[in-house]
Amino acid sequence: MSVDQASSGPNYSLDNMRATHELLHRMSGGGLAVDYSFPRSAATSGAVPISLIFNNTTDQPITDVKVDDIDLKGGVEFSGFDLPLVSPGQSSQIGISINFKDTLQPAKFTLCCSKGRFPCKIQPPVGELLSPFVVM
């Protein structure tokens with residue numbers, strides 16, 4: 001099973017109806033499931049804010065969740081992260097930002113944790129790269 005976005009399409013969270021995409025399936029991740037969404041909050045210097053949701057579906061703690069082997073094309077910039085612990089049966093959410101530099105090139109990286117190393121990629125839908133424009 002692929003660790004990239006699920007082929008069945010996005011899911012929608014009920015709290016604010018934003019699409020969530022699967023980054024890492026729990027079976028591929030040894031019990032660690034990771035979803036991501038674009039919260040559409042204010043961006044800084046062209047970067048797109050992204051929310052990562054880590055879900056530990058095991059009865060053991062998952063530790064040292066971090067990014068490694070970042071492979072960025074076309075000048076894409078990625079703010080990494082370090083999550084020390086996801087407790088058993090719990091979820092943790094963190095925010096990152098990726099500056100896709102107006103390109104649809106994915107940000108490819110390896111997600112590392114106590115369960116192993118998992119290749120992942122985040123590719124933005126076209127609409128997420130648009131910035132709001134105020135008309136006066």
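Reader: Leaving aside its neighbours within four places in sequence, which residues is Leu 52 in contact with?
Author: In this predicted model, Leu 52 stands opposite Tyr 36 across the pairing of S3 with S4. Leu 52 is also named among the residues with the most contacts inside the largest nonpolar core. Once the neighbours within four places in sequence are left aside, the residues in contact with Leu 52 are Leu 23, Asp 35, Tyr 36, Phe 81, Ser 92, Gln 93, Ile 94, Ile 96 and Ile 122.

Reader: How many residues does the largest nonpolar core have, and which strands each supply at least two of them?
Author: In soluble globular proteins, nonpolar side chains tend to be buried together. Here the largest nonpolar core has 29 residues, and those with the most contacts inside it are Ile 50, Leu 52, Phe 54 and Ile 122. The strands that each supply at least two residues of this core are S2, S3, S4, S5, S7, S8 (91-99), S9 and S10.

Reader: How many helices and how many strands are there in the chain?
Author: Read along the sequence, the chain follows the pattern β-β-β-β-β-β-β-β-β-β. The count that goes with this pattern is zero helices and ten strands.

Reader: Which residue stands opposite His 21 in S3, and how many residues of S3 are buried?
Author: Strand S2 (residues 19-24) pairs with S3 in the antiparallel sense over four bridges, while six bridges join S3 to strand S4 (residues 48-56), again in an antiparallel arrangement. Strand S3 (residues 32-37) is mostly covered, with five of its six residues buried. On the S2 side, the residue of S3 that stands opposite His 21 is Tyr 36.

Reader: What is the order of strands in the open sheet of four strands, and why is one side of S7 and of S10 left without a neighbour in the sheet?
Author: The open sheet of four strands has antiparallel pairing and the order S7-S5-S9-S10. Strand S7 (82-86) and strand S10 (116-122) stand at the edges and have a single partner strand each, so one side of each is left without a neighbour in the sheet. Neighbouring strands of this sheet are turned against each other, direction ignored, by an average of 25°.

Reader: Which residues are the bridge partners of Lys 66 in S9 and of Leu 111 in S10?
Author: Strand S5 (residues 62-72) and strand S9 (residues 107-113) pair in the antiparallel sense over five bridges, and S9 and S10 pair in the antiparallel sense over seven bridges. A hairpin through two residues joins S9 to S10. The bridge partner of Lys 66 in S9 is Cys 112, and that of Leu 111 in S10 is Phe 118.

Reader: How many disulfides does the structure hold, and how far from Cys 113 and from Cys 120 is the nearest cysteine sulfur?
Author: The structure holds zero disulfides, where a disulfide would need a pair of cysteine sulfur atoms within 2.5 Å. For Cys 113, the nearest cysteine sulfur is that of Cys 112, at 7.8 Å. For Cys 120, the nearest cysteine sulfur is that of Cys 112, at 9.3 Å.

Reader: Are Cys 113 and Cys 120 buried or exposed?
Author: The cut-off for buried is under 20% relative accessible area. The relative accessible area of Cys 113 is 13%, and that of Cys 120 is 4%. By this cut-off, Cys 113 is buried, and Cys 120 is likewise buried.

Note on methods. Residues are numbered from 1 along each chain as its sequence is written. This is a predicted model: local features need pLDDT of at least 70, side-chain atom pairs count only at pLDDT 80 or more; totals for chains, interfaces and linings use all residues. Side-chain values use heavy atoms; hydrogens and water are left out. Two strands pair if DSSP finds at least two bridges between them. Axes are lines fitted to C-alpha atoms, for helices over the stretch in contact, and angles run from 0 to 180 degrees between N-to-C directions. Buried means under 20% relative accessible area, exposed over 50%, partly exposed in between (1.4 Å probe, protein chains only). A nonpolar core is a set of buried Ala, Val, Leu, Ile, Met, Phe, Trp, Tyr and Cys residues joined through side-chain atoms within 4.5 Å. Contact means heavy atoms within 4.5 Å.
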